[in-house]
There are 2 protein chains.
Amino acid sequence: MPEQTTRQRRTAERRRDILAAARERADADGWSAVTTRHLADAIGYTQPVLYSHFPGGKSEIMSAVALEGFVELARRCRAALGTERGPRAVEAVAGAYLDFGREHPAVYEAMFQEPIDARFAREDTPPELRAGFDTLAEAIGDADRGAATEVFWSALHGIGLLERAGRMRPGDRALRVADLGVRFAAGAR
Amino acid sequence: MPEQTTRQRRTAERRRDILAAARERADADGWSAVTTRHLADAIGYTQPVLYSHFPGGKSEIMSAVALEGFVELARRCRAALGTERGPRAVEAVAGAYLDFGREHPAVYEAMFQEPIDARFAREDTPPELRAGFDTLAEAIGDADRGAATEVFWSALHGIGLLERAGRMRPGDRALRVADLGVRFAAGAR
DNA sequence: ACCTCTTTCTAGCGTTGCTAGGTTTTCTAG
DNA sequence: CTAGAAAACCTAGCAACGCTAGAAAGAGGT
């Protein structure tokens, strides 16, 4: 069994290496800069090795990076929420959400822009994908977890993307976050 | 001079053909399906001809399609606004905006997701790009054309993209638009 | 030491955006 | 009407992409 474990450990290690290299390069230069050849170089092997770990190729690698992202984003939003309530809660969660998107643009892109196999907006949505949404709902006091939360989420999504695409001045983010606080806080409607 | 005009007319025609083919194919199958070879086939010429019309290649073609999009989106939002005021105005403009994004997903993508040379959020922003934003500001009664309009725009942007990416049920759009009406209408804050 | 099975690499396919250089067509001038 | 100039167009090809079949190398068990 130690043999098997050694092998398994090595493949697991290399899997992590691949994902780390992909994530790093993508966040720095975009997903188009993440090529199978570069990725293979980064882990010290040749291209076909990638396909033994991720038979689906590049898109499967992106999905794996995205899944890590869901976990981290949900964790950070939850931590930011803490026990805050009202506009402070909205602003805290919004800040955490947008910070994540700014720090990891490519991870964020893989999470929400890529046509992904993961299911959304259904009953069988995996818990990793659900946790973040629930935190947003809690921040704005939307017990139904319905359209209000979707609109809040959309606003965050839009702000992050439009800032990154150069359509809004990133420096004015505080103004936007404050507006969100006033507009979305529980009972502010 | 009639000679020159004939040539100019033909190049202008072909330019329109190229843009129409690109737009059509992109809206149907995404920008990755718009290849220079297919585009050349569609207009009945070979690849290099494309570069005499658009020296910047594919990205310049996308920019040209985007510019057309700005004009049309602004026009449709303005028409939807009409003389409405309050929540009705917000809902009308939101509907028009989202409809455009749904009907022309690739044009929309070129407009707001592609790293484009066009300037945004500055004093020298071209009027085509400014008109749509001003209409949004008018719909929510934001005389400053400031953060409030940016947040409204972001919400629209986010809703459209998340719906298309399969992260939200498109069927529930009416609920979201209604929420926008309540939340963003002038004086509703 | 041998055989087996897994792992890894070499080499290559088809496609992409893009371009250099030569060929054909069109316009101008004598 | 014809020769030369200029514009338009095509053939052919480059480098890079994602991905894969089949050969070579390595590790494991007997």
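In this predicted model, the residues of the surface near DNA strand C divide into 9 polar, 5 nonpolar and 4 charged. In total, 18 residues surround this strand. The closest are drawn from both protein chains: Tyr45(A), Thr46(A) and Pro48(A) on one side of the list, Thr35(B) and Gly57(B) on the other. Several helices contribute. Helix H3 (47-53) of chain A supplies at least two residues of this surface. So do four helices of chain B, namely H1 (2-29), H2 (36-43), H3 (47-53) and H4 (58-81). The largest share comes from H3(A), with 4 residues.

DNA strand D is also contacted by both chains. Here, 16 residues surround the strand. The closest are Thr35(A), Gly57(A) and Lys58(A), together with Thr46(B) and Pro48(B). In chain A, helix H2 (36-43), H3 and helix H4 (58-81) each give at least two residues to the surface near DNA strand D. H3 of chain B does likewise. By class, this surface has 7 polar, 5 nonpolar and 4 charged residues.

An annotation overlaps this part of chain A. The unreviewed UniProt entry places "domain: HTH tetR-type" at residues 18-65 of chain A. Across that stretch the chain is 73% helix and 0% strand. Its end C-alpha atoms are 10 Å apart.

Chain A as a whole has 9 helices and 0 strands. From the N terminus on, its elements run α-α-α-α-α-α-α-α-α. Along the principal axes, the C-alpha trace of chain A spans about 60 × 40 × 25 Å. Of the 189 residues in chain A, 38% are buried. Contacts in chain A with a separation of 6 or more were also examined; residues 24 or more positions apart account for 62% of them.

The domain assignment of chain A gives two segments. Domain 1 covers residues 1-55, and domain 2 covers residues 64-189. The C-alpha centres of domain 1 and domain 2 of chain A lie 29 Å apart. Contact between them involves 8 residues of domain 1 and 8 residues of domain 2. On the side of domain 1 of chain A that touches domain 2, 5 residues are nonpolar, 1 is polar and 2 are charged.

The two protein chains also touch each other. The contact takes 31 residues from chain A and 31 residues from chain B. On the side of chain B, helix H8 (147-164) and helix H9 (173-184) are the elements that give two or more residues. H8(B) provides the largest share of that side, 13 residues. By class, the side of chain B that touches chain A has 18 nonpolar, 8 charged and 5 polar residues.

The largest nonpolar core holds 98 residues. Within this core, Val93(A), Phe152(A), Val93(B) and Phe152(B) touch the most other members. The surroundings of Phe152(A) can be given in detail. Leaving aside neighbours within four places in sequence, Phe152(A) is in contact with Leu136(A), Ile140(A) and Phe184(A).

Terms used
Residues numbered from 1 in each chain as written. Chains lettered and ligands numbered in written order. Predicted model: local features only at pLDDT ≥ 70, side-chain atom pairs only at ≥ 80, totals over all residues. UniProt positions renumbered as here; feature names shortened; annotations may be inferred. Near = placed C-beta within 6 Å. Nonpolar A, V, L, I, M, F, W, Y, C, P; charged D, E, K, R; others polar. Contact = placed C-beta atoms within 7 Å. Buried ≥ 20, exposed ≤ 12 C-beta atoms within 10 Å, placed from the backbone. Domains from an automatic or database assignment. Core = buried A, V, L, I, M, F, W, Y, C linked by C-beta atoms within 7 Å.
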